[in-house]
Amino acid sequence: MIKTRSKNFGSTLQKRLTLGSFFLSKENQQELFLKAQKVRRLIANEFKRIYDVSDMVISIASPIAPKINEGKSSHYLNDYMIHSNFDGSPSLVMPFKELDKMPFGIVLDSKLDNDRNLLSYGLYIEGLLNGGANE
């Protein structure tokens with residue numbers, strides 16, 4: 001399997017394809033899938049508790065990418081995910097600032113069925129970032 005996938009794919013993609021084949025094999029699928037569902041439910045439950053006391057969560061959209069001359073980035077950059085991928089809650093990504101002339105964004109996440117409020121918060125934050133134009 002590795003030989004046929006190594007010709008035109010990078011090492012990270014090769015690893016993901018190989019692991020995907022392993023995880024999808026019949027022997028492993030049931031055990032790993034059930035464990036993944038339990039973890040997913042724990043994450044969703046924790047964010048539900050957070051949303052019981054707050055309207056939204058703000059986090060960085062993705063880690064800051066290294067400059068080209070700095071070499072390879074840390075492995076965790078490839079695996080960065082936002083929690084809404086786990087529980088299906090609404091999420092909004094927007095540009096935020098620049099650091100060392102490199103742009104980065106933020107993610108606004110909210111509870112399920114709170115899309116309208118999330119968009120309102122996004123518009124408000126956009127106004128703040130643009131000097132109060134949307135307040």
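In this predicted model, Val-57 stands opposite Asp-109 in strand β3. A little further along the pairing, Ser-59 stands opposite Val-107, again a residue of β3. Both pairs belong to the contact between β1 and β3 (residues 102-110), where the strands run antiparallel and are linked by five bridges.

Strand β3 has a second partner to meet. Eight bridges join β3 to β2, and these two strands also pair in the antiparallel sense. Here Leu-99 of β2 stands opposite Met-102 of β3. The two strands form a hairpin with two residues between them, and within this hairpin Asp-100 adopts a positive phi near 55°.

Put together, the three strands make an open, antiparallel sheet, arranged in the order β1-β3-β2. Because β1 (56-60) and β2 (91-99) lie at the edges and each has a single partner strand, one side of each is left without a neighbour in the sheet. From one strand to the next, the twist averages 25°.

The sheet also has a helical companion. Helix α5, which spans residues 115-129, packs on the sheet and touches β1, β2 and β3. The direction of α5 makes about 15° with that of β2. When following the strands in the structure, it is helpful to recall that side chains in a regular strand alternate between the two faces of the sheet.

Conventions:
Residues numbered from 1 in each chain as written. Predicted model: local features only at pLDDT ≥ 70, side-chain atom pairs only at ≥ 80, totals over all residues. Heavy atoms only, no water. Pairing = 2+ DSSP bridges. Helix = DSSP H or I, 4+ residues; strand = E, 2+ residues; numbered from the N terminus. Axes fitted to C-alpha atoms, helices over the stretch in contact; angles between N-to-C directions. Contact = heavy atoms within 4.5 Å.
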